[in-house]
Protein chains: 2
Amino acid sequence: MVDKAPTVVSNAIRFLSADAVQNAKSGHPGMPMGMAEMGVALWKNHLKHNPKNPKWDNRDRFVLSNGHGSMLIYSLLHFSGYDVSMEDIKDFRQLHSKTPGHPEYGVTPGIETTTGPLGQGIANAVGMAIAEKVLAADYNRPGYDIVDHYTYVFMGDGCMMEGVSHEACSLAGTLALNKLIVLYDDNGISIDGDVKGWFTDDTPMRFEAYGWNVIRSIDGHDIEAVEAAVAEAKKQNDKPTLICCKTTIGKGAPTVGGTAACHGNLLGDAEIAKARELMGWSYPAFDIPQQVYDEMSAVEAGAAAEAAWSERFAAYEKAFPKEAACYKRRMSGELPADFAEKMTAFIAETAKAQQEMPVRMASHKAITMIAKELPELIGASADLAASCLSYWEDSKPVTAKDGGNFIYAGIREFGMGAIMNGIALHGGLIPFGGGYVTFSDYQRNAIRMGALMKQRVIYALSHDSIAVGEDGPTHQPIEQLGSLRMIPNLDVWRPCDATEAAVAWECAIAHEETPTLMSLSRQICPAFKRSDTQVEAIKRGGYVISEAKGELKAVIIATGGEMDIALKGQALLEAEGIGARVVSMPSTFLFDKQDKAYKADILPAGIPRVSVEAAHTDYWRKYVGLEGACVGLDSFGESAPPAVLYDYFNITDKAVAKAVKSVL
Amino acid sequence: MVDKAPTVVSNAIRFLSADAVQNAKSGHPGMPMGMAEMGVALWKNHLKHNPKNPKWDNRDRFVLSNGHGSMLIYSLLHFSGYDVSMEDIKDFRQLHSKTPGHPEYGVTPGIETTTGPLGQGIANAVGMAIAEKVLAADYNRPGYDIVDHYTYVFMGDGCMMEGVSHEACSLAGTLALNKLIVLYDDNGISIDGDVKGWFTDDTPMRFEAYGWNVIRSIDGHDIEAVEAAVAEAKKQNDKPTLICCKTTIGKGAPTVGGTAACHGNLLGDAEIAKARELMGWSYPAFDIPQQVYDEMSAVEAGAAAEAAWSERFAAYEKAFPKEAACYKRRMSGELPADFAEKMTAFIAETAKAQQEMPVRMASHKAITMIAKELPELIGASADLAASCLSYWEDSKPVTAKDGGNFIYAGIREFGMGAIMNGIALHGGLIPFGGGYVTFSDYQRNAIRMGALMKQRVIYALSHDSIAVGEDGPTHQPIEQLGSLRMIPNLDVWRPCDATEAAVAWECAIAHEETPTLMSLSRQICPAFKRSDTQVEAIKRGGYVISEAKGELKAVIIATGGEMDIALKGQALLEAEGIGARVVSMPSTFLFDKQDKAYKADILPAGIPRVSVEAAHTDYWRKYVGLEGACVGLDSFGESAPPAVLYDYFNITDKAVAKAVKSVL
């Protein structure tokens, strides 16, 4: 392996990165310096993208999974012609700059996903490659490859160690994602030092075990070698490719290069000065020779690539006008014009039908209806398709050989979540995934990332309380509901019946910038009667489902599987002449967004409140205050039949009535 | 591969499991039936355990990582002589029975860890094997192998797919845990059906890539073959072993055997009857021939094994009395007699020293002190040893070749958490682990499992707010604090300075049945002045750190890095003649456990309250109610210098003063 000399262009990346980090007095100089040649190799000869139209549909996707090396991609974006100026670079890691500490989707043109939490970038990329495969199967026709792009990833040791990389890469092998090309920045260094003390995997062998094509022992500082390896990878027909690039972290830094000292620490002016000398780089900080811009500009090539595609698409549009229109609509993220109306009709029918059923089944019915209208709906399940009723009649599994609209994700909750984020980010698809509420714990940071990136990702999770019963405390969510509700920009729904489940799905599809997590009952729930006005009010997140008879003395706030108990408690109180209103609060997220008047109308000031939910009660203090009461449980569950547990944990109609009386 | 005929003993497991599941009308019959021969093979000839003294120190550990097959282990415990009666078996999955839905630690004798959440059992087992290795290095002397046992695991496809298995098994290879022997129940079926659609890993190759010894292609229904493979595995000196056992799920069930239909569904009386016929099993349900008890009883052999060890230990005790005493103390879980006193002195010194420092540094100082007194303290870090200051001067990394007291866990938060649980469960060690608060998301279910199992596991996590600054929203915890506080039996601390950090450590060590999670500041925090009474009050979780001057008009409740802001806010109010008390609330968990009088004393009824914490405010409604106010943030953070962010998010002394005035 000959260590090729860095070029003017790669040194420009190297020093712009080092100087920007130094300027910000914060950041990670080592990775961008170590990956500079890899960046040039991919960016110059392979990446198909248009800096002047960064969101062009058929661009290649690039994911910097080791997001702490953010200056690498900012440099590349800057040099190649994106709207990332030198001023932006100087503003590295400052408030509301285009160059935040880690690459953030929606902040910087050309950033395809937010990375930083390790392992999730590669999983996002697997999602993007699945999306490409699925859309290609949906829309390409012989002679018309209108969906045809690669997904490239840079990832480091950290991503390799994280379990989510196992989950996502294993599935990528099974699904034969040949257009996924990963460049592994094998620098052998993590924050604690030489990784040999904690990371001795034979990574190429590991990926071969996943069914990947592995290209070993590439000198990551040899631009030509990296370019050739990527060219080789592109020949693959049925395997994703891992290109193992041996690099030196902080390459060029004479003292700290190759060590953990340049991982998250500033190099300091002296070290950078010495590096300049050593690497023969005479330009001052933030002074980049024109040659770099000339060599790296992707503006012309990008415009040409897009133009060629547009021409191809125009021909396709002539030959397949219906498909082309559908594709364009989907990629734009817009719903069919008549969808809202059909959804409203479905909700009305559901409300009218008054069928009792498990809420997971109600969700299934909504999925079935939506899938008929929205070819962009793509399901997934963490090995619980049957249990969570995630598949539907016309669902077709995505396989190694073909696209489809359902991903058997295996027992990989976290991977599934991060893959769904990637699918949503790609565009053209609305992903939803099934699993159990308790195991949202496993995928929690992926849920958070979807919320942070404002992606329309839907979790339809079942088995949402002690009503799980015999499976016991490991499978019974307690703190999950309240704690999920605290994730900013996540709409958590706990529908109490089929009608609320239908509205939950309506909102989940309608709200483009908010992921939704539905907490669905495993057990049968009654169908509750509602007026049209009440049905209409569901989407406000909280509404009066049953008004107090006589003078209003208390408000009972309930959700999901405990609605029945709340209403029976109300009846007990009524028999004693105590008027209590029952408020259904399936989405605290949407209720909180209502205006003051509405909220005061539902929860009148001065009237005591009692919450009813078979979950941790702390969250409900937000609504019932210190003076109110909570019916719920703050301990772990137990293994026993559901009815036994409701009695044991004192979540009953009598307990509701007693709690109300205690706060009067 | 010849499929050997099941034996009377393995059929006894098979049918006892099927019948118990049928009787409970809930459970998973397939796995125990499929693993029956594996169970016999391990249990009869290899497992060193004493049913009459299930907690004997030097027993082999057995972990059923695929915990949904719980009837397998209940059968084995019952047959081999543990205090698990036939009545207990009939009580399968009933409230407070010894046979809950999934194996639960602390409920059933012989259950070493609670399993069910897939992938964590194998990771617990890696922790147990690390514990054995570390203790052996600490205490064994030439000729005196007093710590010398194996850790056996059964795991299925589900565990294999979960990312945490990657994290734990990769580390197990690096650390050369040769006494870890894993039997992989390769039945090719998961809930969604034949795993080929979503799981095509070459698992043996994957484990070889981790540096494991892999024994391939064992017929899991051939007791002799499995026995021989385990015997072979025991010869390993420097590698953990994976034994790949090909099995048929639900073996013996004529219609559904070998399919997902027997995974989580009852077989039904007819299918069980047919199975009995097919397998030549004429005994009625719950009627087990004496032969089975005779063959499977481990009572005599177990007593002999323990007696032999006791004899060995007695000799060791004579030769190495100090070591033996220390070992016994550690395994009993007791602290040295003088520890409490030394800890008190350390806290007093810290309080007196009045040194400002990052709270992570304060935690580091406490670790350094404790490690001197407690050889059982073992640290770990998810590649952030330097950043979280998790190592200490005398820490010694655990390596492939030797024991130690610090685990470089790599970038494997979830694996680290589950490994720590396993270490604590093993006994003789008190594990703590470092990482970032935000990435507690990754390890959340392991934290939960530690709380459920009542294990003394300590998370000392740093970078606990927007004060992380430039790293941005992906690295800034918002909802984590409140949501971690909702995990039952988890003591979450957010100390505001070195003195509170010292008390947090005191409590973490003292509370044997409660895991502790510390949320530590990256940034420097002042040292706050306290009287001795105040210092003493810290362990109550909440106390008055600064009394109001003049009439008490409001209570400000603050934690951690925002204490300074709260106190400055108090001063601003004072200048306006408004008396506000500042309550430091480092542990809501402990504060909630105080008696009513104490709580009313600290937070007097009728006095309005304002919380101050740079985190999600929803949680604080529990203390400030509807009428109070919260200074905090309910959105994601931003990438910018910390001071800029505090201003931007309006978490300032002025904001505190304003909030107080708004609630007067």
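## Helix α14(B), the A/B interface and salt bridges

The buried residues of α14(B) are covered by elements that include β1 (61-64), α6 (120-139), α13 (299-319) and α17 (413-426) of chain B. Contact here means heavy atoms within 4.5 Å. This is a predicted model, in which local features need pLDDT of at least 70 and side-chain atom pairs count only at pLDDT 80 or more, while totals for chains, interfaces and linings use all residues. Residues are numbered from 1 along each chain as its sequence is written, chains are lettered from A and ligands numbered from 1 in the order in which they are written, and side-chain values use heavy atoms, with hydrogens and water left out.

The mean pLDDT (the predictor's confidence in each residue, from 0 to 100) of chain A is 96, and 99% of the residues of chain A reach 70 or more. For the complex, the predictor gives an ipTM of 0.98 and a pTM of 0.98.

Helices (H or I, at least four residues) and strands (E, at least two) are DSSP runs, numbered from the N terminus. Helix α14(B), residues 321-332, has 12 residues and reaches 16 Å between its first and last C-alpha atoms, close to the expected 16 Å. The expected span of a helix is 1.5 Å times one less than its number of residues. Within α14(B), Ala324(B), Tyr327(B), Arg329(B), Arg330(B) and Met331(B) are buried; buried means under 20% relative accessible area, exposed over 50%, and partly exposed in between (1.4 Å probe, protein chains only). Gly333(B), just after α14(B), takes a positive phi of about 85°. In α6(B), 18 of the 20 residues are buried, and the end C-alpha atoms are 28 Å apart, in agreement with the 28 Å that its length should span.

At the interface, 101 residues of chain A are in contact with 101 residues of chain B. The two chains bury about 8,200 Å² between them, 58% of it on carbon and sulfur atoms; buried area is the accessible area (1.4 Å probe) that two parts lose on being put together, summed over both. Tyr442(A), Arg448(A) and Met486(A) supply 10% of the area that chain A buries against chain B, more than any other three residues.

Between chain A and chain B there are 8 salt bridges, out of 72 over all chains. A salt bridge is a side-chain nitrogen of Lys or Arg within 4 Å of a carboxyl oxygen of Asp or Glu. Four pairs are listed below.

| Acidic residue | Basic residue | Closest N to O |
|---|---|---|
| Asp471(B) | Arg93(A) | 2.7 Å |
| Glu87(A) | Lys90(A) | 3.7 Å |
| Glu112(B) | Arg59(B) | 2.6 Å |
| Asp186(B) | Lys246(B) | 3.6 Å |

Glu87(A) and Lys90(A) both lie in helix α5 (residues 86-90) of chain A, 3 residues apart, about one turn of the helix. Glu87(A) is exposed at 54% relative accessible area, whereas Lys90(A) is partly exposed at 34%.

Glu112(B) lies in the loop between α5 (86-90) and α6 of chain B and Arg59(B) in the loop between α3 (36-45) and β1 of chain B, so their salt bridge ties together parts 53 residues apart in sequence. Glu112(B) is buried at 7%, and Arg59(B) is buried at 6%.

Asp186(B) in strand β3 (residues 180-186) and Lys246(B) in strand β7 (residues 241-246) of chain B are 60 residues apart. Asp186(B) is buried at 18%; Lys246(B) is partly exposed at 37%.

In chain A, a network of salt bridges links Asp464(A), Arg485(A), Arg494(A), Glu562(A) and Glu613(A).
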